[in-house]
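Work through the exercises below with the sequence and the model open. Try each task before reading its solution.

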Amino acid sequence: MAPPNSRRIDAPPPQPLRGRGLRDDEFRRRVSVTPWTPVLEYGWDTGLAIGRFLEGLQEGKIYGTHCRQCGRTVTPPRAFCELDFKPMDEWVELADTGTINTFSICYITWDMKPLRRPQIPAVIDIDGTTPRGGFLHLLGGVSGNTVEDIREQISIGMPVRAVWKKPRDRTGAITDILHFAPAGKRR
Amino acid sequence: MTRKIRRRVAVVGAGMSLFMRRALETGRELSYYAAQQALESAGVRLKDIEAVTMATAPDAFDGVHMKGEWLLDGAGGTRKPYLRAYVGGGSGVFSLISGWTLVASGLFDLVLVVAEEKMSSCQPHPQGAFLTIFDHTIERPLGPNLLWIFSLEQQRYMQTYGIRNEDIALVSVKNKRNALDHPAAQVAANLTVADVLASEVVAWPVHRLMVSPVSDGAAAIVLAADSIAQRLTDKPIWVQGVGWALDTSYWGNRDLSYPRYVEVAAKMAYEMAGLTEPRKQIHIAEPYDPFAYKELHHLEGLQLADRGKAPEDLAAGRFDRTGELPTCPSGGLMGVGNPIAAAGLMKVCELFWQLRGEAGARQVPGTPERGVAQAWGDLMQIGTVAVLGVH
Amino acid sequence: MSDRVAIVGAGTTPPRPLSPDQSFREMTFAAAARAYEDAGVSHRDIDSFISVCEDFHEGTSITDEYVPDQLGAVLRPVQTIAGDGIQGIATAFMLIRSGIADVVAVEAHAKSSNILRHDEVLAMGLDPVYERPLGVNPHYVAAMEMRRYLHDSGRTDTAVADVVVENRRRALGNPIAPYGAVLTAADVLAAALVSEPLRASMISAYADGAVVLVLASEERAEAALRPVWIRGIGWSSDTSALSMRDWATATYAALATAMAYQMAGIERPADELAFAEVDDTYAHKQLQHLDAARLTAPGGEPLVPVNRSGGSLGMGYCYDASALYRTAEAVRQIRGEAGRNQVPGATTGLVLSWRGVPTQTGGALVLGDH
């Protein structure tokens with residue numbers, strides 16, 4: 001039996017709300033659906049700032065840029081200071097170490113498939129930035145699959161170090177860094 | 001802003017469709033349901049409407065490029081000045097601001113605002129579309145998903161202020177329970193904190209029952225200029241203040257524990273509304289709650305709770321429907337559903353009904369005179385705020 | 001409170017087929033820096049910011065996330081109009097008229113060269129149930145429209161070819177236009193057919209570029225060096241369904257120009273306008289748009305100088321930025337800065353834009369020197 005397609009608000013003036021919800025099986029088998037798979041391909045120009053950043057990654061280095069006016073040193077690098085609205089003044093080679101600003105333990109892929117071995121995304125504050133800041137990456141070098149096990153090994157504020165792909169495998173991409181791993185013993 | 005606002009604008013009608021996991025109806029049809037109901041409730045016809053503004057979030061969900069054009073027939077926009085303003089998840093409340101701009105400018109006296117979302121078209125799962133919100137060069141290759149940004153932000157918020165997951169779970173409990181009284185609700189339920197924490201961890205610290213659902217749905221309102229509003233209804237609900245602010249895209253450089261962009265937007269709206277003590281002068285709040293912790297995060301940004309203290313206020317009952325400052329009396333996104341743009345406008349509709357005493361079983365006690373609706377979106381970047389009131 | 005709003009600054013990067021040395025951010029920053037300098041403002045003086053962009057043009061969903069930095073708009077009021085460039089200008093106009101802002105920046109950019117499958121992007125704009133499954137190239141929509149337009153108007157494809165010849169020649173006199181050329185109508189008509197009667201030569205080639213405009217209220221504009229006043233503005237959207245449109249007539253353009261003319265107090269556009277910049281994404285659209293704007297003589301010639309900039313045929317088609325490029329060109333005309341393509345006595349002009357296949361959305365702007 002089809003579920004009722006309207007319900008009344010119990011407030012004046014009474015107006016039924018419309019909409020016909022479908023169950024999953026109705027959606028997949030009984031209701032006519034027109035499929036389309038888009039083919040959307042882009043080749044994004046990296047430009048000056050990110051182009052150099054990616055070259056740096058291929059060399060095993062993390063670059064940032066510095067603005068003399070506001071005094072910030074930031075990564076990911078930009079060609080212009082977004083606060084002062086002027087070109088950045090110099091390139092800075094940063095360390096490939098940092099600290100964990102925040103992290104999560106994720107058991108689902110981007111297309112909602114379950115993961116037994118979770119991914120650990122994190123924001124890594126890179127050493128040498130002012131104020132401290134950084135970018136999104138993954139944590140690795142951590143054993144265990146449960147939240148409890150993983151939380152014993154990593155925490156906010158903890159020092160981490162980039163683990164790089166072998167030089168010959170690097171292509172000038174953010175994935176030239178395999179992940180960031182805890183740097184040495186904790187305390 | 002030191003200039004004087006040209007003229008006052010009021011909400012004179014509101015309507016919405018059901019919020020559903022997957023609707024039989026197309027996006028156009030859902031828009032039509034909401035628009036038609038809003039027009040009827042305002043007592044006006046489509047030909048009286050002079051301009052239309054549409055809010056709908058990523059085109060990737062419906063799988064239609066330039067989907068504003070594709071939807072316009074359902075939103076009453078055919079052969080009218082029609083605009084689509086798009087600020088990600090902030091669009092629902094921003095659609096009110098966009099409509100307000102159309103009327104306050106003096107160009108149009110009567111405007112229809114429609115917000116629609118049909119996420120179910122996106123296969124195999126709408127979450128997949130969110131991959132494409134991340135930076136194409138330095139983030140997408142890591143395979144990020146939407147859960148990451150929420151869980152990273154929630155973790156930072158919890159760590160900074162010592163907030164526990166039990167505190168946050170209470171938002172799911174409150175809102176899903178409030179939603180039992182909302183006729184459009186998709187995921188209303190009677191839950192306990194234990195139920196919420198027993199649900200599986202999707203991306204720690206986020207549990208499944210702390211996440212709002214994927215939804216299809218639409219909402220709509222009618223806006224009118226001053227004198228027209230007063231002719232159309234005895235109880236126009238005035239747009240007293242609007243504000244919006246978008247933070248830098250370099251979110252790894254930001255303090256994730258506090259939504260500064262909401263504060264900036266709120267202050268812009270409060271200044272326009274002439275508010276000096278928001279906690280006293282605002283009687284109902286509809287902050288954006290796509291994940292349970294966001295309600296608390298946003299209440300702090302809205303200056304309605306001290307930083308890090310919203311969970312305490314929640315636990316003390318301050319934000320219950322019968323409390324000092326009812327928040328999400330509608331049931332919010334956690335309870336009613338999250339068809340992205342429509343969810344934000346649903347909050348505006350809720351304030352409209354509440355302030356007119358028409359919210360039925362959801363009605364907050366007393367005679368609330370002023371409410372704030374807020375939405376949020378992008379990479380934890382945008383705050384859109386509207387203050388609505390009976391005067 | 002004054003009604004008058006002016007464009008007080010315009011900044012562009014020269015449109016070009018490729019721009020590998022600049023990311024979209026860097027390109028937009030360049031245009032914004034020029035616009036703010038032209039307007040004599042700093043980024044902090046700007047009250048509100050508008051970006052005109054579309055997700056599938058960028059390859060990024062919720063593309064407004066990436067707007068504020070290159071405009072100097074961090075933590076400021078920023079919104080995106082997923083629409084036509086003139087809708088973006090209209091929003092700025094209304095923000096100023098409402099009183100909530102005094103100075104507003106409007107931005108659009110195109111990285112057309114970064115879209116590797118243009119036809120696939122365009123196909124996504126067709127209705128997924130009724131239209132897309134037919135598997136037609138979206139240019140066919142423009143071709144069918146051209147066929148019907150020629151049939152109803154009695155024009156020939158030579159008239160369409162003449163548009164290409166004229167616009168690409170004018171582009172030679174526009175220092176920023178990349179596609180200037182000396183062609184004959186025979187050259188145009190000998191080009192490959194894309195979909196009869198539409199030929200490859202009649203379709204504007206893609207280009208990359210960024211445009212930023214700065215608008216200001218009367219109070220603020222009085223202090224600017226060369227304000228160009230917005231006398232009227234209009235926009236309209238007709239149904240995008242292919243099955244329900246009047247193929248020969250650009251109704252959306254007629255409605256948009258009517259709205260703009262009324263606001264500007266223009267009753268005889270051919271007499272009161274000194275020039276027009278009208279969309280020519282496909283060459284026949286120029287003719288169709290002139291008809292809708294009441295700027296075509298009974299014999300078919302335009303009643304005012306048209307597309308002295310070279311149009312999109314000469315400057316390149318820049319997706320969401322096209323309308324803003326044409327507006328910037330119109331601003332140059334009115335300021336008397338159009339060099340070889342200057343129309344003498346160009347004190348008032350029209351900009352007419354179109355959002356492209358398969359939409360029936362367009363905007364109209366009447367600009368003047370007072």
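Contact means heavy atoms within 4.5 Å. This is a predicted model, in which local features need pLDDT of at least 70 and side-chain atom pairs count only at pLDDT 80 or more, while totals for chains, interfaces and linings use all residues. Residues are numbered from 1 along each chain as its sequence is written, chains are lettered from A and ligands numbered from 1 in the order in which they are written, and side-chain values use heavy atoms, with hydrogens and water left out.

**Exercise 1. Describe the interface of chain B and chain A.**

Step 1. Start with the residues. On chain B, 56 residues are in contact with 56 residues of chain A.

Step 2. Turn to area. The size of an interface is often given as the accessible area lost when the parts come together. Buried area here is the accessible area (1.4 Å probe) that two parts lose on being put together, summed over both. For chain B and chain A it is about 5,100 Å². Carbon and sulfur atoms give 65% of that area.

Step 3. Look for charge pairs. A salt bridge is a side-chain nitrogen of Lys or Arg within 4 Å of a carboxyl oxygen of Asp or Glu. Chain B and chain A have one salt bridge between them. B:R22 and A:D24 meet in a salt bridge through their side chains, at 3.4 Å from N to O.

Step 4. Assign elements. Helices (H or I, at least four residues) and strands (E, at least two) are DSSP runs, numbered from the N terminus. On the side of chain B that touches chain A, two or more residues come from each of α1 (27-42), α5 (146-161) and β5 (201-204) of chain B. α5(B) gives the most, with seven residues.

Step 5. Sort by class. Ala, Val, Leu, Ile, Met, Phe, Trp, Tyr, Cys and Pro count as nonpolar, Asp, Glu, Lys and Arg as charged, and the others, Gly among them, as polar. This side of chain B has 28 nonpolar, 20 polar and eight charged residues.

**Exercise 2. Trace the sheet that includes strands of chain A and chain B.**

Step 1. Fix the pairing rule. Two strands pair if DSSP finds at least two bridges between them.

Step 2. Write the order. Four strands form an open sheet, β10(A)-β9(A)-β5(B)-β6(B), with antiparallel pairing. β10 (114-119) of chain A and β6 (206-207) of chain B each have a single partner strand, so one side of each is left without a neighbour in the sheet.

Step 3. Find the join between chains. Strand β9 (residues 105-108) of chain A pairs with β5(B) in the antiparallel sense over two bridges. A:I105 has B:W204 of β5(B) as its bridge partner.

Step 4. Continue within chain B. Two bridges also pair β5(B) with β6(B), again in the antiparallel sense. B:A203 stands opposite B:V206 in β6(B). A hairpin through one residue joins β5(B) to β6(B).

Step 5. Add the helix. α5(B) lies across β9 and β10 of chain A together with β5 and β6 of chain B. The helix runs at about 60° to β5(B). Axes are lines fitted to C-alpha atoms, for helices over the stretch in contact, and angles run from 0 to 180 degrees between N-to-C directions.

**Exercise 3. Repeat the interface analysis for chain C and chain B.**

Step 1. Count residues and area. Here 66 residues of chain C are in contact with 62 residues of chain B. The two chains bury about 5,500 Å² between them, 57% of it on carbon and sulfur atoms.

Step 2. Count salt bridges. The rule finds five across this interface. One salt bridge joins the side chains of C:D3 and B:R6, at 3.0 Å from N to O.

Step 3. Find the main contributor. α3(C) supplies the largest share of the side of chain C that touches chain B, eight residues. By class, that side divides into 29 nonpolar, 21 polar and 16 charged residues.
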